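Trainee: I should like to learn how the features of a protein model are read. May we look at one together?

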Amino acid sequence: NSVVTLSLCPNNYPFALHTASFSFFQKLKTLIPTGEQLKHSCQTSPPEMAKHSSSSGRTNLASCAVATVFIVFLIIAAVAVYLTVFRPRDPEISVTNVKVPSFSVANSSVSFTFSQFSAVRNPNRAAFSHYNNKIQLFYYGNRIGFTFIPAGEIESGQTKRMYATFSVQSFPLSNSQISAADFQRSGSAVGTGLAEVDNRAGSTVEIESKLEMAGRVRVLGLFSHRIAAKSNCRIAISTSDGSIVAVRC
């Protein structure tokens with residue numbers, strides 16, 4: 001901060017210039033580090049920097065590990081909730097009643113009207129939208145009648161009652177008719193529904209009723225899944241008066 005005063009006299013100009021130059025180089029010398037200072041800096045800085053870098057790396061690694069464990073835990077929890085609560089389940093079908101309002105036999109052929117009462121329960125957390133389904137009747141593997149069940153929707157946890165009735169056109173009876181007792185011994189009840197037997201004597205007509213309920217359920221409002229359930233019933237009808245003597249579902 002010293003001030004150098006330069007005289008305007010020509011004789012003093014060289015001396016003033018030399019003084020100014022000497023002052024400038026003195027200041028510049030204080031700004032440039034000495035060799036000893038550089039040596040000390042080179043010896044101490046790298047270890048300190050390495051120590052700081054190592055500590056920062058360990059901290060980042062620990063943070064990544066915690067985040068990974070948390071994400072894995074969330075995935076496991078989401079899968080567990082999906083499998084226990086929101087997993088799509090097939091509807092539950094039960095046949096509650098079967099009737100034959102009219103029945104006739106002529107020239108070894110039979111015709112009748114068939115009615116079936118069913119209950120379909122939706123066990124899912126979301127509404128079950130079912131397609132157009134149908135009830136079919138078979139006699140010795142041949143379809144003898146059917147009717148459609150209109151499409152609809154069953155709310156979560158609700159049960160829908162369904163009633164279907166249709167006429168079966170005349171078809172020839174088989175020579176191998178069985179009695180109600182033989183029908184009872186031929187098999188056991190399968191699935192959910194009726195299991196009734198009337199031990200009256202006489203020959204019977206054995207038919208098979210098949211009901212399938214198929215549709216879709218939307219999980220969490222995002223994913224659509226197809227679900228379906230089937231119900232098969234074997235029904236023995238007395239050829240003498242058309243009464244139902246046995247039902248197995």
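Trainee: Is Glu92 buried, partly exposed or exposed?

Mentor: Please bear in mind throughout that this is a predicted model. Relative accessibility is the value to consult, and a residue between 20% and 50% is placed in the middle class. Glu92 has a relative accessibility of 41%, so the residue counts as partly exposed.

Trainee: With which residue does the side chain of Glu92 meet in a salt bridge?

Mentor: Side chains of opposite charge can pair when their charged atoms come close. In this model the partner of Glu92 is Arg121, with 3.4 Å from N to O. Glu92 belongs to strand 1 (residues 92–106) and Arg121 to strand 2 (residues 109–121), so the salt bridge ties together parts that are 29 residues apart in sequence. Arg121 is partly exposed, its relative accessible area being 32%.

Trainee: How many salt bridges does the count come to?

Mentor: The count comes to two salt bridges. Besides the pair just described, the side chains of Glu206 and Arg234 meet at 2.9 Å, N to O. Glu206 lies in strand 10 (residues 203–219) and Arg234 in strand 11 (residues 223–238), so this pair joins parts that are 28 residues apart in sequence. Glu206 is partly exposed at 25% relative accessibility, and Arg234 is partly exposed at 24%.

Trainee: How many helices and strands does the protein chain have?

Mentor: The protein chain has three helices and 12 strands. One may then ask how the contacts are distributed along the sequence. Among contacts with a separation of 6 or more, 67% are between residues 24 or more positions apart.

Trainee: What percentage of the residues is buried?

Mentor: Of the 249 residues in the protein chain, 29% are buried. As for the surface, the chain exposes about 16200 Å², and carbon and sulfur atoms supply 58% of that area.

Trainee: Which residues touch the most other members of the largest nonpolar core?

Mentor: A core is read through its members and the elements that supply them. The largest nonpolar core has 34 residues, and those touching the most other members are Phe112, Phe114, Leu137, Ile144, Ile207 and Ile235. Elements giving two or more residues to this core include strand 1, strand 2, strand 4 (133–139) and strand 5 (142–149). Strand 7, strand 10 and strand 11 also give two or more.

Trainee: With which residues is Phe114 in contact, leaving aside its neighbours within four places in sequence?

Mentor: Phe114 is buried, with a relative accessible area of 0%. Its contacts beyond those neighbours include Val98, Pro101, Leu137, Phe166, Ile207 and Ile235. Lys99, Thr165 and Ser209 are also among them.

Trainee: How many aromatic pairs does the structure hold?

Mentor: The structure holds seven aromatic pairs. To read such a pair, one considers the distance between the ring centres and the angle between the planes. The rings of Phe114 and Phe166 have centres 5.8 Å apart and planes at 55°, so the pair is tilted. This pair links strand 2 to strand 7 (residues 159–172), its members being 52 residues apart. Phe166 counts as buried at 9% relative accessibility.

The rings of Phe117 and Tyr163 also form a tilted pair, with centres 4.6 Å apart and planes at 35°. Phe117 lies in strand 2 and Tyr163 in strand 7, so the pair ties together parts that are 46 residues apart in sequence. Phe117 is partly exposed, with a relative accessible area of 26%. In addition, Phe103, Phe112, Tyr139, Tyr140 and Phe171 form one aromatic cluster.

Trainee: Over the face of which residue does Lys134 lie?

Mentor: Here one looks for a charged group above a ring. Lys134 lies over the face of Phe146, 5.8 Å from the ring centre. Likewise, the charged end of Lys210 sits over the ring of Phe138, at 4.8 Å from its centre.

Trainee: Where does Asn107 lie?

Mentor: Asn107 lies in the loop between strand 1 and strand 2, and Ser108 lies in that loop as well. The backbone there deserves attention. Most residues other than glycine have a negative phi. Asn107, although not a glycine, has a positive phi of about 55°, and Ser108, also not a glycine, has a positive phi of about 60°. Asn107 is exposed, with a relative accessible area of 78%, and Ser108 is exposed at 54%.

Key
Residues numbered from 1 in each chain as written. Predicted model: local features only at pLDDT ≥ 70, side-chain atom pairs only at ≥ 80, totals over all residues. Heavy atoms only, no water. Helix = DSSP H or I, 4+ residues; strand = E, 2+ residues; numbered from the N terminus. Buried < 20%, exposed > 50% of the residue type's maximum accessible area, 1.4 Å probe, protein only. Contact = heavy atoms within 4.5 Å. Areas by Shrake-Rupley, 256 points an atom, 1.4 Å probe, with all protein chains shown as cover. Salt bridge = Lys/Arg side-chain N within 4 Å of Asp/Glu carboxyl O. Phe/Tyr/Trp six-rings, centres within 6.5 Å; stacked < 30°, edge-to-face > 60°. Lys NZ or Arg CZ within 6 Å of the ring centre and 35° of its normal. Core = buried A, V, L, I, M, F, W, Y, C linked by side-chain atoms within 4.5 Å.
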